[in-house]
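Let's take a walk through this structure together, moving from its interior outwards to the chain as a whole. Have your viewer open as you read.

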Amino acid sequence: MRAVALPDGATEYLCLQCEGLWLPGRLVHASIGATPLERIRVAGTPRDLRCPNDGTALQALHHHGVEIDVCPHCAGVWLDAGERDKILRQRASRGSGQRATEAVADVGSGFDLVDAVGEAGTFLLEFIGDALSGL
Ligand SMILES: [Zn+2]
């Protein structure tokens with residue numbers, strides 16, 4: 001994992017081997033507000049993956065055909081490259097306009113960290129917010 005500092009001082013982590021993305025709980029909280037940690041614990045399926053922040057077993061949640069792995073302790077979210085791309089494609093197919101199309105084009109040419117914190121990152125966090133608020 002490589003730590004990447006975000007403009008607001010938060011940090012996110014990109015796995016250079018699999019292109020998976022770890023979104024720290026602080027970033028998730030800041031973006032979507034209060035996170036229903038107890039409901040993540042109840043609704044999720046325990047994974048072998050552990051939170052890089054606190055070592056808690058991540059819980060898999062399914063939302064619109066995408067699996068996201070959420071830490072029920074700190075609300076950090078793990079997205080592997082395939083799940084991340086599925087979210088971005090769904091956003092584009094909902095007709096979110098030119099910028100969404102550009103985000104998908106970026107996915108095709110390899111994930112760009114600038115997008116992780118910009119337009120595409122916003123899509124990802126909105127999707128995660130939808131998933132968690134629907135628990
Ligand atoms: Zn955690």
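Keep in mind that this is a predicted model. A good place to begin is the largest nonpolar core, which has 21 residues. Inside this core, L23, I68, V77, L79 and I128 have the most contacts. Which elements build it? At least two residues each come from β3 (21-23), α1 (25-32), β6 (66-70), β7 (77-79), α3 (81-93) and α6 (119-133). The largest share belongs to α6, with eight residues of this core. There is also a second, separate core, made of six residues, and C51, L58, C71 and W78 are among them. As a general background, nonpolar side chains in soluble globular proteins tend to be buried together.

Two names from that second core, C51 and C71, turn up again at the metal site. Here the zinc ion has protein donors from C51 (SG), D54 (OD), D54 (OD), C71 (SG) and C74 (SG), at 2.2 to 2.7 Å from the ion. D54 appears with two entries, both labelled OD. If you like to search sequences by pattern, the donors follow the spacing C-x2-D-x16-C-x2-C along the chain. C51 and C71 link distant parts of the chain, 20 residues apart: C51 lies in the loop between β4 (45-50) and β5 (57-63), while C71 lies in the loop between β6 and β7. Are these two cysteines buried or exposed? Both C51 and C71 are buried.

Now turn to α3, one of the contributors to the largest core. At its start, a side-chain oxygen of D80 reaches to within 3.0 Å of the backbone nitrogen of G82. Its geometry allows a quick check: at 1.5 Å a residue, the 13 residues of α3 should span 18 Å, and the end C-alpha atoms are indeed 18 Å apart, so the two values agree. Along α3, the buried residues include A81, I87 and L88, and also the charged-type names E83, R84, D85 and R91.

Finally, step back to the whole protein chain. Its secondary structure comes to six helices and seven strands, and from the N terminus on the elements run β-β-β-α-α-β-β-β-β-α-α-α-α. Of its 135 residues, 44% count as buried. Among contacts with a separation of 6 or more, 47% are between residues 24 or more positions apart. The chain exposes about 6800 Å², and carbon and sulfur atoms supply 49% of that area.

Key. Residues are numbered from 1 along each chain as its sequence is written. This is a predicted model: local features need pLDDT of at least 70, side-chain atom pairs count only at pLDDT 80 or more; totals for chains, interfaces and linings use all residues. Side-chain values use heavy atoms; hydrogens and water are left out. A nonpolar core is a set of buried Ala, Val, Leu, Ile, Met, Phe, Trp, Tyr and Cys residues joined through side-chain atoms within 4.5 Å. Buried means under 20% relative accessible area, exposed over 50%, partly exposed in between (1.4 Å probe, protein chains only). Helices (H or I, at least four residues) and strands (E, at least two) are DSSP runs, numbered from the N terminus. Donors are N, O and S atoms within 2.8 Å of the metal (3.2 Å for Na, K and Ca); water is not among the atoms, so sites may look incomplete. The expected span of a helix is 1.5 Å times one less than its number of residues. A polar contact is a pair of N or O atoms within 3.5 Å; within protein, one must be able to donate a hydrogen and the other to accept it, and residues adjacent in sequence count only if both atoms are side-chain atoms. Contact means heavy atoms within 4.5 Å. Accessible areas come from the Shrake-Rupley method with a 1.4 Å probe; for residues, only the protein chains shown count as cover.
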